[in-house]
2 protein chains.
Amino acid sequence: MLSNASKYAILSTLYLAEHSNEERKISVKEIAENIDIPSPFLAKLFQQLVRGKIISSTKGPHGGFYLSEKNKKKNVLDIIDNIDGLNKLNGCFLGLNECDSTNPCPVHYIVVPFKNNILEKFRDITIMEFAQEISDKGTFLAINNIDPSLDGPAE
Amino acid sequence: MLSNASKYAILSTLYLAEHSNEERKISVKEIAENIDIPSPFLAKLFQQLVRGKIISSTKGPHGGFYLSEKNKKKNVLDIIDNIDGLNKLNGCFLGLNECDSTNPCPVHYIVVPFKNNILEKFRDITIMEFAQEISDKGTFLAINNIDPSLDGPAE
DNA sequence: TTATTAAAGGATAAAAAGGTCCTTTATTAT
DNA sequence: ATAATAAAGGACCTTTTTATCCTTTAATAA
Ligand code: FES
Ligand code: FES
């Protein structure tokens, strides 16, 4: 449903939302270590996200990636769209041509409510709001189960 | 979430459930044409499903694939398990290590109810019951949107 | 028993996804 | 200016997924 690339991009962008700002830019290396993603692969993803104006970057010493005020208002669906395109998320769960109620597959009516829920989450709140929610709820961002004391949800 | 291979296997097995029995075996070719799957690929999948005792086959004239009475009591999850393994379905939506409520990812509480629903569907009813439901509801099995008059849900 | 049919199985190929490396470019500090 | 730093970009590699082809085996019918 989502490629690894999209998952990495989502987690890393949320990491940026929590830990970076225009004054505190973050290198690929730092994020790759914290989220446990191969860093050259993440570098590619970030290049693409910068081109897509989802995140921002500056080169040179103390350079790195960060979210501009504009970036913070993007939503998670923009990330997915930028990396995977939207079809992957919208497509039929069993791979039929179209997913719509005029031509429902055997699991269509199970899948649709879920899709609506997750789309709402991904489309209707900003990256910053999403990141805020994660902090508040104490849910986890790292692919490896990290010790919460090392990198607690509170900023 | 599911590989193409699994999707093909599910659709094709449901096709068998609807159209075959011990006296009326069906060739790979027929199914591949009806469900619109590359036939050598489906042949491989069916070989594997036979080895996994999900479907049955006989060689020679009037041979083909069919569901034995035992096969009909298998469920869709057995198909997925046989082709993809269960991890793919059970894993975290964002790719974190484990999907459980002690370590929830940002979308965990959206994903879990859906997963439970679809697992229930795939685990708790037999292939035959599933196929019956499809006939009753008139949902679609083909990957290409076929004209219902060509291959209607009624046997 | 021989020809025919259809699956089984092995070998391979093409495409996509995932991942790495190296050179170039921009920025900053000295 | 120059050195250091970190992203940008291009080329390339590996693995997995998807797909094809060809030979062998088993079953049946004539
Ligand atoms: S038609 Fe399959 S999920 Fe909607
Ligand atoms: S932890 Fe991510 S879906 Fe459960």
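A polar contact is a pair of N or O atoms within 3.5 Å; within protein, one must be able to donate a hydrogen and the other to accept it, and residues adjacent in sequence count only if both atoms are side-chain atoms. This is a predicted model, in which local features need pLDDT of at least 70 and side-chain atom pairs count only at pLDDT 80 or more, while totals for chains, interfaces and linings use all residues. Residues are numbered from 1 along each chain as its sequence is written, chains are lettered from A and ligands numbered from 1 in the order in which they are written, and side-chain values use heavy atoms, with hydrogens and water left out.

**Stop 1: DNA strand D**

Select DNA strand D and the residues near it, that is, those with a heavy atom within 4 Å of it. There are 27 of them, and Ser27(A), Lys44(A), Gln47(A), Ser57(A) and Pro38(B) are the closest. Next, show Val28(A): a polar backbone atom there is 3.3 Å from a phosphate oxygen of the strand. At Gln47(A), a polar side-chain atom lies 2.7 Å from a base nitrogen of DNA strand D. On chain B, pick Lys88(B), where a polar side-chain atom is 3.4 Å from a phosphate oxygen of DNA strand D.

Now colour by helices (DSSP runs of H or I, at least four residues) and strands (E, at least two), numbered from the N terminus. H3(A) gives the largest share of the surface near DNA strand D, 4 residues.

**Stop 2: DNA strand C**

Move to DNA strand C, which 27 residues surround; Pro38(A), Pro61(A), Lys44(B), Gln47(B) and Ser57(B) are the closest. Of the strand's atoms within 4 Å of the protein, 57% belong to sugar and phosphate. Select Tyr8(A) to find a side-chain N or O atom 3.2 Å from a phosphate oxygen of DNA strand C. Then select Lys44(B), with a polar side-chain atom 2.5 Å from a base oxygen, and Gln47(B), with a side-chain N or O atom 2.7 Å from a base nitrogen. Here the largest share of the nearby surface, 4 residues, comes from H3(B).

**Stop 3: helix H5 of chain A**

Select residues 76–83 of chain A, which form helix H5. Val76(A), Leu77(A), Ile79(A), Ile80(A) and Ile83(A) are buried, meaning under 20% relative accessible area (1.4 Å probe, protein chains only). They lie on the same side of H5(A) because they cover an arc of only 155° around the axis, taken from the directions from the helix axis to the C-beta atoms. Finish at Gly85(A), just after H5(A), which takes a positive phi of about 80°.

Note on methods:
Buried means under 20% relative accessible area, exposed over 50%, partly exposed in between (1.4 Å probe, protein chains only).
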